[in-house]
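Visitor: I have a chain here that I would like to go through with you. Can we start with a single residue and work outwards?

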Amino acid sequence: MGQALWRLPPRQQQQLQEELADRLTESGGGKQDQGISTAFLLQPTQRGFIDLEMLPPELGITILSYLNATDLCLAGCVWQDLGHDEYLWQGLCKSTWGHCSIYNKRLPAGFSYRRLYLQLDEGSLTFNANPQEGISYFMSKGILVDHPTELAKFIFYTRRLNWKMLRIYLDERRDVLDELVTLHNFSNQFLPNALREFFRHIHAPEERGEYLETLITKFSHRFCACNPGLVRDLGLSPDAVYVLCYSLILLSIDLTSPHVKNKMSKREFIRNTRRAAHNISEDFVGHLYDNIYLIGHVAA
């Protein structure tokens, strides 16, 4: 797909790309709650329908990645060659589900990435209703291997899993959670920013409890392992990072909640935090406060 574009004169290439950009702008960026509308893609341009085969492959895959499986099948009816382009379906699979065990297997004769895309979509919908059934579906189709590392990589590189269902699954599968934590690299990251990244992949529970304590403990050990120089220079330890993480979460709630009228001052935060973490410098704790004050919640 897209080879025809490179055979067009440069001026015509530019006109096609400018026309697509104008239509995306007119539609509000081309995205809706459920992604780019199929109806928008099927609207006629001055030259007829927008032909994905006239676009660079990367742009075509980006457009189609916003469609669900039903809309992709509809698009395949409009663009006749789309449904038979295995390279396109392979790109859609790997751009949405970045890691699957089946990617590393020797594929059998007659293997179809289009069929795999539909199975991945079905499995993700099943997972978002029942995590255990979803994982069982992936395994029954040979898409995933029942190994904590493979499951962790699948979760880490997938963007279609409901975070509430994911939290339930990880709470039950602590072996997968352990592997998922090790996939994070917090090297040279400021502590609040690293904590935000962690909670973007592994969402924090809505209430304090054993699961939240487990997450913070695992994060603290991983953060120290990724930053030995910082540990040495600032005297940090997993226990000290644990205390700082809890302080940051409580400070986030205090500064961002509309129900808290008397916000914690920087001086109060430094005093309270250093009571629990004696070896941490006042300047470092002050920078933590500034980060939350300026950027916001670490677990939003």
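Visitor: Is Glu197 buried or exposed?

Guide: Glu197 is buried, with a relative accessible area of 19%. Buried means under 20% relative accessible area, exposed means over 50%, and partly exposed lies in between, using a 1.4 Å probe and protein chains only. This is a predicted model, in which local features need pLDDT of at least 70 and side-chain atom pairs count only at pLDDT 80 or more, while totals for chains, interfaces and linings use all residues. Residues are numbered from 1 along each chain as its sequence is written, and side-chain values use heavy atoms, with hydrogens and water left out.

Visitor: Which element is Glu197 in?

Guide: Glu197 is placed in helix H12. Helices (H or I, at least four residues) and strands (E, at least two) are DSSP runs, numbered from the N terminus.

Visitor: What does Glu197 touch?

Guide: Leaving out residues up to four places away in sequence, Glu197 touches His184, Asn185, Phe186 and Gln189. Contact here means heavy atoms within 4.5 Å. With Gln189 there is also a side-chain polar contact of 2.9 Å. A polar contact is a pair of N or O atoms within 3.5 Å; within protein, one must be able to donate a hydrogen and the other to accept it, and residues adjacent in sequence count only if both atoms are side-chain atoms.

Visitor: And how far is Phe186 from Glu197 in space?

Guide: Their C-alpha atoms are 8.7 Å apart, and the two residues are 11 apart in sequence.

Visitor: What about Arg196, where does that sit?

Guide: Arg196 is in helix H12, which covers residues 191-201. Arg196 is buried and has no salt bridge. The nearest side chain of opposite charge is Glu197, 10 Å away. For charge, Lys and Arg count as positive and Asp and Glu as negative; His and the chain ends are not counted. A salt bridge is a side-chain nitrogen of Lys or Arg within 4 Å of a carboxyl oxygen of Asp or Glu.

Visitor: Which side chains make polar contacts with Arg196, then?

Guide: The Asn193 side chain makes one, at 2.9 Å. The Asn291 side chain makes another, at 2.9 Å. Not counting residues up to four places away in sequence, Arg196 touches Asn291, Ile292, Ile295, Gly296, His297 and Val298.

Visitor: How many salt bridges does the count come to?

Guide: Eight, by that rule. One of them joins Arg173 and Asp175, with the closest N and O atoms 3.0 Å apart. Asp175 is partly exposed, at 32% relative accessible area.

Visitor: Any others worth listing?

Guide: Asp233 pairs with Arg232, with closest N and O atoms 3.8 Å apart. Asp233 is exposed, with a relative accessible area of 60%, and Arg232 counts as exposed at 62%. Glu282 and Arg274 also meet in a salt bridge, at 3.9 Å from N to O. Glu282 is partly exposed at 46%, and Arg274 is partly exposed at 31%.

Visitor: Which residues are linked in a network of salt bridges?

Guide: Asp171, Arg174 and Glu210.

Visitor: Switching to cysteines. How many disulfides does the structure hold?

Guide: Zero. A disulfide is counted as a pair of cysteine sulfur atoms within 2.5 Å.

Visitor: Why no bond for Cys224?

Guide: Because the closest cysteine sulfur, in Cys245, is 9.0 Å from the sulfur of Cys224, too far for a bond. Cys224 is buried, with a relative accessible area of 9%. Cys245 is buried too, at 0%.

Visitor: Next, Tyr137. Which helix is that in?

Guide: Tyr137 is in helix H8, residues 131-140. Apart from neighbours within four places in sequence, Tyr137 is in contact with Gln119, Glu122 and Gly123. The C-alpha atoms of Tyr137 and Gln119 are separated by 8.8 Å, and these residues are 18 apart along the chain.

Visitor: Now the chain as a whole. What is the secondary structure?

Guide: The chain has 17 helices and two strands. Of its 300 residues, 45% are buried.

Visitor: How much area does the chain expose?

Guide: About 16,200 Å², with carbon and sulfur atoms supplying 50% of it. Accessible areas come from the Shrake-Rupley method with a 1.4 Å probe; for residues, only the protein chains shown count as cover.

Visitor: And what share of the contacts is between residues 24 or more positions apart?

Guide: They account for 63% of the contacts in the chain with a separation of 6 or more.
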